[in-house]
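Dear colleague,

I am passing on the structure that we spoke about, and I would be glad if you could look through it alongside the notes underneath.

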Amino acid sequence: MTVQSLWAATARPAPALYALEGERQCDVVIIGGGYTGLSAAHHIAQSGRQALIVEANSLAWGASGRNGGVVSPKFRVGFPTLMARFGRDTALQMYRTGYDAVDSLVQMIETLGLGEARLHMGGHIAAAHNAHALLGLEATADWIRRETGAASSTMISAGEIREMTGSRLYAGGLLTPKAGGIHPLDYARGMARSLVERGVDIFVDSPAEQVRHEGGRVIVQTAGGRISAQQVIYATNGYSDQTRVTDTLHRRLIPFRSAIIATEPLSAATLATIMPGGQVCGDTKRMLRWFRVVGDRLIFGGRGAFGQDDSARAFEALQRSMGVVFPSLRETRIDYRWSGLVAMTLDYLPHAGQLDERSFYAIGYNGGGVAMSTWMGRQLATMTAGQPVKLGLLAGERFKPIPLHALRAPGVRLAAGWQQFLDAIGR
Ligand SMILES: Cc1cc2nc3c(=O)[nH]c(=O)nc-3n(C[C@H](O)[C@H](O)[C@H](O)COP(=O)(O)OP(=O)(O)OC[C@H]3O[C@@H](n4cnc5c(N)ncnc54)[C@H](O)[C@@H]3O)c2cc1C
């Protein structure tokens, strides 16, 4: 089985980057070269401070180079639920944060002139997999209309969703126009290229192996070098198990494998029926399936294998799922398949905070971090400048280590099996 991503096959070349050798000094050292780290570096550089990134592998090797590229303002937890649990003001703040996140991504692309990110704000369709799920989407649409006065998401009927997606599977849906898609790897590479042009150092193949505090500075040690900084940012998300330096963050996350397949080029006739309006679409199943057309291919994503490695069976299951949503694609060849780790948290929300006076982090995007991690990078820049940020439910104080973390893998497997069962029986 060849595992290669459509993004790696179609991206512009990465800027030339090298491993760290020798000693460096900077204001803020950032561990992790994905969107969170790149966005933080951009905003720190804009404020006139010196940032430096160390990445354990290649640039955007983690989720940022492998994701579905879906840009959306939504969280995994619905607004009616947030309001019931935390009150109206908090739910409204979260609503605004979701849209701020989308704005920060759009702004990043415009400010840096990242045409290669191929941002297309065609809208997002949440597709109800049954009548019960449709009620949930209606509750969200009602909540948005009632509490915000905006029509930022509107319901679409079963007939409309059939026209818009080309699938007969859905009971109706929720359309959010301010959403869309990007080329995820080129977005990361574009940010990196701009940073390098502005003199920000990015070192690849340089895992941070040790972090210690010494004489009022933070010292980050890699195999080939040493960085002395005033502050450190951890931007390692679902890959916080690469070395021991992020142990304390890793214990707050449940990494979960998510997989994607991309079809062979589809005919013009097929493309005229599948997502002809250029939206991106995700369903309402607990084990979410999502899809979008990129160029002349359909890409289709969902849960991957349970373990650390890819499995042929997980990709076959995904292909079967695609055949259920689009029966006309049952015999279609799959040209690309790949996967990555999303970082789940116990409350299904991302968090940013401080571990101590000089150490900051933003992690736990729960599979929805393309826009949010860009926004979090800006918050991290503000936090490291000693200025206040309004994180609400995303604040680190609410983010605790997961009890019995060592048992999480079998626990996740059990939970995922149960969720799949509920999906299968239509609950
Ligand atoms: C398959 C898949 C599909 C997804 N689809 C979507 C989507 O369509 N829309 C959406 O909004 N979100 C999606 N996501 C989630 C989104 O990609 C992530 O939330 C986002 O990329 C997180 O960015 P990040 O920079 O925080 O982390 P990452 O991009 O994961 O970067 C973390 C980096 O830290 C590095 N690192 C770890 N330890 C060290 C160390 N000790 N020293 C140096 N470097 C280290 C890793 O090598 C890694 O490159 C998806 C995720 C996956 C896996």
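What follows describes the two domains and then the surroundings of the ligand.

Please keep in mind that this is a predicted model, in which local features need pLDDT of at least 70 and side-chain atom pairs count only at pLDDT 80 or more, while totals for chains, interfaces and linings use all residues. Residues are numbered from 1 along each chain as its sequence is written, and side-chain values use heavy atoms, with hydrogens and water left out.

The protein chain is divided into domain 1 (6-67 + 185-253 + 346-403) and domain 2 (73-182 + 255-344), with bounds that come from an automatic or database domain assignment. Their contact (heavy atoms within 4.5 Å) takes 47 residues from domain 1 and 40 residues from domain 2, and the C-alpha centres of the two domains lie 26 Å apart. The area buried between them is about 3500 Å², of which carbon and sulfur atoms give 69%; buried area here is the accessible area (1.4 Å probe) that two parts lose on being put together, summed over both. Leu6, Tyr187 and Leu393 supply 19% of the area that domain 1 buries against domain 2, more than any other three residues.

The ligand lies between the two domains, because both of them give residues to the shell around it. That shell holds 37 residues, of which the closest are Thr36, Glu55, Ser64, Val70 and Val370, a residue being counted if one of its heavy atoms lies within 4 Å of the molecule.

As for polar contacts with the ligand (pairs of N or O atoms within 3.5 Å), a polar side-chain atom of Asn57 lies 3.0 Å from an oxygen atom of the ligand. On the backbone side, a polar atom of Val70 is 2.8 Å from a nitrogen atom of the ligand, and a polar backbone atom of Gly369 is 3.1 Å from a nitrogen atom of the ligand. The protein covers 98% of the 1000 Å² of accessible area that the ligand has on its own, as given by the Shrake-Rupley method with a 1.4 Å probe.

With best regards

Notes
Polar contact = N/O pair within 3.5 Å; in protein donor to acceptor, adjacent residues only side chain to side chain.
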